[in-house]
Amino acid sequence: MSPDQRRAQLLDTGEKLFGEGRFEELSMEDIAGHAGVTRALLYHYFPTKADFFGAIWQRAHESISTTLDLDAAPTARDGLVTALTAYLDFYETHLPLVLIANRSAIASAPVVRAPVERAFRVLCEDVLDAVGATGHRRRLAEAAFTGWIAFVRETTLTALVDRGISPAENLAMCVAALDSTVGAYADLGPPSRSE
């Protein structure tokens, strides 16, 4: 196996194991055993379990961001709503990974936070570039976007984990928050007719 193939195989194994919600109870030795490799080889690729999960989480975010085509949307707002829907669907499908990334002992580790922050920073930059946001209004829109992402994370956890609201209610709430935060500082375009 090439180094890239071995790394991908290890990530596949980790995603499967962590997808069963077993993050805290698994040691690197357990993971290596499931992958059919030595612990030393696993540590060669990933120095810590947080690094290992961070690589899994980054790969997951890269896979979803490659499916998003903001240019195909009639307005920036429509593109953001499409991206939001894709992320919410992804989070529902990968709930155990979402819980590790948001409610485990490593949730605040930079290696876990970085892939998410990077994906959303790129999304924000792409949208604000597309709508021609500049100067101080752009800085306000960037701050609003950061706050909106935090809002989306919390309401999504409420919808998917605590079941306090339905996924449809969460989507509607997140879109309303988008309009009143980012939309207050950047012209994202009107709502689509289907809303």
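This is a short walk through a predicted model of a protein, from the overall fold down to a few single residues.

Okay, let's start with the big picture. Since we're looking at a predicted model, please keep that in mind for everything I say. What does the secondary structure come to? Nine helices and zero strands. If you read from the N terminus on, the elements simply go α-α-α-α-α-α-α-α-α, so that part is easy to remember.

Now the overall dimensions. The C-alpha trace spans about 55 × 35 × 25 Å along its principal axes. The protein has 195 residues, and 43% of them are buried. The accessible surface comes to about 10,000 Å², and carbon and sulfur atoms account for 54% of that surface.

How do the contacts spread along the chain? Taking contacts between residues at least 6 apart in sequence, 69% join residues at least 24 apart.

And for those of you who like charges: there are 18 positive and 26 negative side chains. The centres of the two sets lie 3 Å apart.

Let's go inside. I'd like to begin with helix H6, residues 95-103. Which of its residues are buried? Those are Leu95, Leu97, Val98, Ile100, Ala101 and Asn102. And what do they pack against? The list is helix H1 (3-19), helix H4 (49-65), H5, H7 and H8. So if you want to follow along on the screen, colour H6 and then look at those five partners around its buried residues.

Next, the spaces. The structure holds one cavity of 30 Å³ or more. Fifteen is the number to keep for its lining: of those 15 residues, Tyr87, Tyr91, Phe120, Ile149 and Val152 are the closest to the centre of the largest cavity. As for volume, the largest cavity comes to about 160 Å³. Which helices build the lining? Helix H5 (76-93), helix H7 (110-130) and H8 each supply at least two residues. H5 has the largest share, with five residues.

Then there's the largest pocket, with a volume of about 270 Å³. Its lining counts 13 residues. Nearest its centre you'll find Glu117, Phe120, Arg121, Thr146 and Ile149. The elements giving two or more residues to this lining are H7 and H8, and H7 gives the most, with seven residues. Phe120 and Ile149 are worth clicking on, by the way: they're named among the residues closest to the centre of the cavity and also among those nearest the centre of the pocket.

While we're on H7, have a look at Arg118, which lies in that helix. Arg118 counts as partly exposed because its relative accessibility is 35%. From Arg118 to Phe151, C-alpha to C-alpha, is 17 Å, with their positions 33 residues apart along the chain.

Moving on to the end of H8. Asp162 sits in this helix. Is Asp162 buried or partly exposed? Partly exposed, at 47% relative accessibility; the cut-off for exposed is over 50%, so 47% doesn't get there. Leaving out residues up to four places away in sequence, Asp162 touches Arg103 and Leu157. The C-alpha atoms of Asp162 and Leu26 are 25 Å apart, and the two residues are 136 apart along the chain.

Then comes Arg163, in the loop between helix H8 (135-162) and helix H9 (167-180). Here's the slightly odd one. Most residues other than glycine have a negative phi. Arg163 isn't a glycine, yet its phi is positive, about 55 degrees. Arg163 is exposed, with 54% relative accessible area.

Two more stops. Glu29 lies in helix H2, residues 28-35. Glu29 counts as exposed because its relative accessibility is 52%. Between the C-alpha atoms of Glu29 and Ala141 there are 45 Å, and the two are 112 residues apart along the chain.

Finally, Gly189, which you'll find in the segment after H9. Gly189 is partly exposed, with a relative accessible area of 26%. What is Gly189 in contact with, leaving aside its neighbours within four places in sequence? Thr75 and Arg77. Gly33, on the other hand, is 52 Å from Gly189, C-alpha to C-alpha, and 156 residues away in sequence.

That's the tour, thanks.

Key: Residues are numbered from 1 along each chain as its sequence is written. This is a predicted model: local features need pLDDT of at least 70, side-chain atom pairs count only at pLDDT 80 or more; totals for chains, interfaces and linings use all residues. Side-chain values use heavy atoms; hydrogens and water are left out. Helices (H or I, at least four residues) and strands (E, at least two) are DSSP runs, numbered from the N terminus. Buried means under 20% relative accessible area, exposed over 50%, partly exposed in between (1.4 Å probe, protein chains only). Contact means heavy atoms within 4.5 Å. Accessible areas come from the Shrake-Rupley method with a 1.4 Å probe; for residues, only the protein chains shown count as cover. Lys and Arg count as positive and Asp and Glu as negative; His and the chain ends are not counted. The place of a charge is taken as NZ of Lys, CZ of Arg, CG of Asp or CD of Glu. On a 1 Å grid over the protein atoms alone, a cavity is a set of points where a 1.4 Å probe fits but cannot get out, and a pocket is an open set with protein on both sides within 12 Å along at least five of seven lines; lining residues have an atom within 4 Å of a point. Grid points are joined across faces, edges and corners, and a volume is the space filled by probe spheres set on the points.
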